[in-house]
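Visitor: Please choose one part of this model for a close look, and then show me how the rest is arranged around the account you give of it.

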Amino acid sequence: QESWLSDGLAESPARWKVLAQQTVMSSLVLGDLVLNVDQWDGYPAARDRLLGFVRSEGIEDVVVLTGDIHSAGAGVLSTPGPDGTPVPVAVEFVGTSITSSTLAGIVPGGEALLSDDTFPGISYLNVRDHGYGRCTVSADEWRTEFVVVESIERADAPARVDATLVASSGTPALRRL
């Protein structure tokens with residue numbers, strides 16, 4: 001599977017190389033505590049091999065789309081460089097649930113523990129609201145608007161954009177508008 005994925009990334013003529021999958025690739029570790037071993041944090045060697053391959057092959061414009069964590073988020077994925085310093089290689093957008101319990105509802109005190117500043121590389125984190133991500137893609141940029149709904153109990157509940165994050169082609173970084 002790893003060879004199949006690496007070969008596909010290396011051979012793809014697409015501007016944006018999209019990895020759509022269901023488990024968070026960003027590292028969500030608090031001190032020595034791995035929050036969820038069913039995510040990529042449970043398989044750090046495999047994640048390091050994949051991100052290291054992206055760096056070593058110079059593959060640009062890699063976007064990871066993720067769900068299934070009941071929270072919304074966005075961040076930069078890095079791999080250690082030759083001197084051990086993190087080298088950004090891709091970006092990740094995590095879509096939240098539209099109706100299932102959010103992380104704040106599942107983990108008592110979760111909202112107080114988790115914020116944009118809790119994890120290195122994370123630019124946006126929302127563990128409270130329900131909604132979805134709306135992506136607009138051009139040759140020059142990937143823009144994700146995180147839309148949240150006021151209530152999951154009313155079909156006509158108002159929706160609003162909670163945050164907009166943009167990745168520019170050729171730069172594995174995010175800027176928040």
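Guide: Leaving aside residues up to four places away in sequence, R47 touches M25, S26, S27, W40 and D41, where contact means heavy atoms within 4.5 Å. This is a predicted model, in which local features need pLDDT of at least 70 and side-chain atom pairs count only at pLDDT 80 or more, while totals for chains, interfaces and linings use all residues. Residues are numbered from 1 along each chain as its sequence is written, and side-chain values use heavy atoms, with hydrogens and water left out.

R47 sits in helix 2, helices here being DSSP runs of H or I with at least four residues and strands being runs of E with at least two, each numbered from the N terminus. With a relative accessible area of 10%, R47 is buried; that word means under 20% relative accessible area, exposed means over 50% and partly exposed lies in between, for a 1.4 Å probe and protein chains only. A46 also lies in helix 2 and is likewise buried, at 19%. When residues up to four places away in sequence are not counted, A46 touches E2 and W40, and W40 is also among the residues that R47 touches. The C-alpha atoms of A46 and V18, 28 residues apart along the chain, are separated by 18 Å.

V18 belongs to strand 1, residues 17-20, where K17 and L19 point to one face and are buried, whereas V18 and A20 point to the other face and are not. In a regular strand the side chains alternate between the two faces of the sheet. Strand 1 runs parallel to strand 4, to which 4 bridges join it, and A20 stands opposite L65 of strand 4; two strands are taken to pair if DSSP finds at least two bridges between them.

The loop that leads from helix 2 (44-56) to strand 4 (62-66) holds D61, which has a positive phi of about 60° although it is not a glycine. Most residues other than glycine have a negative phi. D61 is buried, with a relative accessible area of 10%. Beyond strand 4, in the loop to strand 5 (72-80), lies H70, whose phi is also positive, near 65°, but which counts as partly exposed at 24% relative accessibility.

Further along the chain, D129 is found in the loop between strand 7 (122-126) and strand 8, and it is buried, with a relative accessible area of 14%. The C-alpha atoms of D129 and S97 are separated by 8.5 Å, although the two residues are 32 apart along the chain.

Strand 8 belongs to an open sheet of 4 strands in the order 8-9-10-11, with antiparallel pairing. Strand 8 (130-137) and strand 11 (175-176) stand at its edges with a single partner strand each, so one side of each has no neighbour in the sheet. Strands of a sheet pair through backbone hydrogen bonds, either parallel or antiparallel. Strand 8 pairs with strand 9, residues 141-149, over 8 bridges, and a hairpin of 3 residues joins these two strands. Across this pairing, C135 has T144 as its bridge partner, and G133 stands opposite F146.

Around these parts, the protein as a whole has 4 helices and 11 strands. Its radius of gyration is 16 Å, close to the 16 Å that the globule rule gives for 177 residues, so the protein is as compact as a globular protein of that length; the radius is taken over C-alpha atoms, and the rule is 2.2 Å times the number of residues to the power 0.38. Taken along the principal axes, the C-alpha atoms fill a box of roughly 50 × 40 × 30 Å. Buried residues make up 40% of the 177 residues, and of the contacts between residues at least 6 apart in sequence, 59% join residues at least 24 apart.

The accessible surface comes to about 9500 Å², of which 52% belongs to carbon and sulfur atoms; such areas come from the Shrake-Rupley method with a 1.4 Å probe, and for residues only the protein chains shown count as cover. The mean positions of the 12 positive and 24 negative charges are 5 Å apart, with Lys and Arg counted as positive, Asp and Glu as negative, and His and the chain ends not counted. Each charge is placed at NZ of Lys, CZ of Arg, CG of Asp or CD of Glu.
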